[in-house]
Structure formats: C-alpha cells, structure tokens
Amino acid sequence: MICNACPFECNIDRAVKPGRCRATDEIEIAQAQLHFWEEPPVSGTRGSGTIFFSHCNLRCRFCQNYDISQLGFGRKVRPERLVEIMLQLEDQGAHNINLVTPTHYTLQLIPVLEAAKQRLQIPILWNSNAYEKVETLRQLTGLVSIYLPDLKYFSDELAQQFSSAPNYFKYASAAIMEMKRQVEENRYDEDGILKQGLIVRHLVLPGQIDDSKKILRWLRDNLGPQTQISLMAQYYPTYQAETLPDMNRRLRPSEYQEIRNYFLDLGFEEGFLQELSSASADYTPDFEGRGIDS
Ligand code: SF4
C-alpha cells in the first residue's frame, strides 16, 4: 500500500521500506493496558483501554514516550489479534478503546476498527498529535466516536524546530475542524463518561506562553467557548530536550498561572487544568509490552 496518509506524503510502499514515521505496513504496538490518568470523562472509574502504537510521524525532541515513538519499542501484532486486544480491554472494564498516536497506522487500522466496531459496546477514541490530513481522517467517520487531539504549536518555526513538522498549525487546525465535524456535540452517559465528542489537549511548554495563548484564542474563536480544553502542565525535560532553548526545565508556577488566567479570561466554559505536580516521569507508563500476547 502506497502511503500518503499524513502531511509528509512519503508516497512509498511501506511493505518495501518504512516511511518517515519509521513504520512498515504491519502494525506494531508497545503496550495495551487500562490507563487511569487521562481526563476524568475518559478514564472514569474503571480506566481507559489504551493501546500505545510504536513509531510516530512527528520527531518531538522532548517526547515523554520517546522509547516507543522515536526508538521504536514494540512488537508486530496481527489485525485479528488487535481486535482481540480491544475486546479484552473491554472485558477488563475499560470505558473506551484509546488509540494512542495512531496516525501513521490510519490506513491499516480502518479494517481493524470496522471489525472491532461490530463487537465492541464501548466507543473508540483517537488520541493523536493532530498532524493529520483531513482526507485521511474522513475515512474514520463513523468508526471513531471520540477525538482527543493534542494541538501542540501555533508557530510554524517552533513546530519545525521542536518536532520537524512543516506547516504544523495549518494541518492540525484543519484536522481538528474535521474531527469536530464528525463528532459534533459532546455526549456523556449518566456517570459523566464521554461517549462521543472532542477534547482538545494542549501541553504548555516552558518559555512558550505566547504560543499557548495564540492556540487558546484560536480554539475559542473557531470552536467556541463550550469546547472542552485540557490544559496540560506535565512537561518535564527528557530525550533531547536539553538541545532546545529554555526546554531543560519544568514550567514555572508563574508561567502556568499566567496561562490558566488567560484560559479563564477567554471565557471557556469547560476544561481540565492539570496540576503542576503532574510534571513527573511517575505519570509516564513503563513500556514493557504488557497486554500484547494472548
Ligand atoms: S504515515 Fe508515515 S509513511 Fe505515511 S506519509 Fe506519514 S510519515 Fe510517510
């Protein structure tokens, strides 16, 4: 299958050689587990059924999951086994199936999701970096019920320097508009668990408060103040962060307070504001390949 799935448009056959994302046409995953540290309507009381995919189309130099995204930790999994894994997570009580960094496997996942959707009672959630093409996302219409994109940068220079992602905001903003078109308004069950909808994440980076403000303003102006925003403060320096300006430190309390105030001043009606104490490797899963074997 020739891959042009994401904005890099490699136009190569991944059965022959990996793309820029370093992925072949066989799905690889690093772990499948219940996860309790997502946003409350996602993790709920029983956990989110997370499946972490190996590799990534971005090259974020501060990635907290770099061992799977950049170094490729993980194992190949057959499509039929991946459906079984989703059903097992549902049996364990998961409120949803949470596909973490799935973008580079979109085309391979479509038949998997079509098969899983017929047997799952819980919604499928797309947890991505938003560097995606609208025409690719359109193929997920009716398969994905919840989108959880991370809108990372407003500045193209920052996106290029930190993640090697040309025109990041142009692609990511269009992708989020397409996600919103697909899922419309958020719907919850009687326990407040999200059944359908959109939550937009944004990781606040040290020294980049102005970029964060531009992102929040764009979200308010284009998606409305009722949009659920998840403002994340969990940045801590890891991987190649020390090579980037101002990134070899955590967020200062004054920086986070400034962006929290800005968020509130913009009039957002709903959202999640992470505590600064979350900026710790303690909240990053250890990837040991759990949940892959039958
Ligand atoms: S998904 Fe991978 S191979 Fe396909 S276009 Fe994107 S980077 Fe290239």
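**Exercise 1. Which helix holds the place of Arg138?**

Before solving this, note that the model is predicted: local features need pLDDT of at least 70, side-chain atom pairs count only at pLDDT 80 or more, and totals for chains, interfaces and linings use all residues. Residues are numbered from 1 along each chain as its sequence is written, and side-chain values use heavy atoms, with hydrogens and water left out.

Step 1. Look at residues 134–138: they form helix H5, and Arg138 belongs to it. Helices here are DSSP runs of H or I with at least four residues, strands are runs of E with at least two, and both are numbered from the N terminus.

Step 2. Check the surface. Arg138 is partly exposed, at a relative accessible area of 48%. The scale calls a residue buried under 20%, exposed over 50% and partly exposed in between, using a 1.4 Å probe and protein chains only.

Step 3. Find the partners. Setting aside neighbours within four places in sequence, Arg138 is in contact with Glu178, Arg181 and Gln182 (contact means heavy atoms within 4.5 Å). Glu178 is 40 residues apart from Arg138 along the chain, and their C-alpha atoms are separated by 7.5 Å.

**Exercise 2. Work out how strand E11 is enclosed and which strands pair with it.**

Step 1. Go through residues 228–232. Five of the five are buried, so E11 is largely enclosed by the rest of the structure.

Step 2. Sort them by side. In a regular strand the side chains alternate between the two faces of the sheet. Here Gln228, Ser230 and Met232 lie on one side and Ile229 and Leu231 on the other, all buried.

Step 3. Look for pairing, which requires that DSSP finds at least two bridges between two strands. E10 (residues 194–203) runs parallel to E11, joined by five bridges, and Leu203 stands opposite Met232. E12 (residues 271–273) is also parallel to E11, with three bridges; Phe272 in E12 is the bridge partner of Ser230.

**Exercise 3. Describe how helices H8 and H9 lie relative to each other.**

Step 1. Compare the axes, which are lines fitted to C-alpha atoms over the stretch in contact, with angles from 0 to 180 degrees between N-to-C directions. Those of H8 and H9 come within 10 Å and cross at roughly 20°.

Step 2. Classify the angle. H8 and H9 are therefore roughly parallel to each other, a label for angles under 35 degrees.

Step 3. List the residues. The contact involves Ile209, Ser212, Lys213, Leu216 and Arg217 of H8, together with Glu255, Glu258, Ile259, Tyr262 and Phe263 of H9.

Definitions and conventions. Angles under 35 degrees count as roughly parallel, over 145 as roughly antiparallel, 65 to 115 as roughly perpendicular and the rest as oblique.
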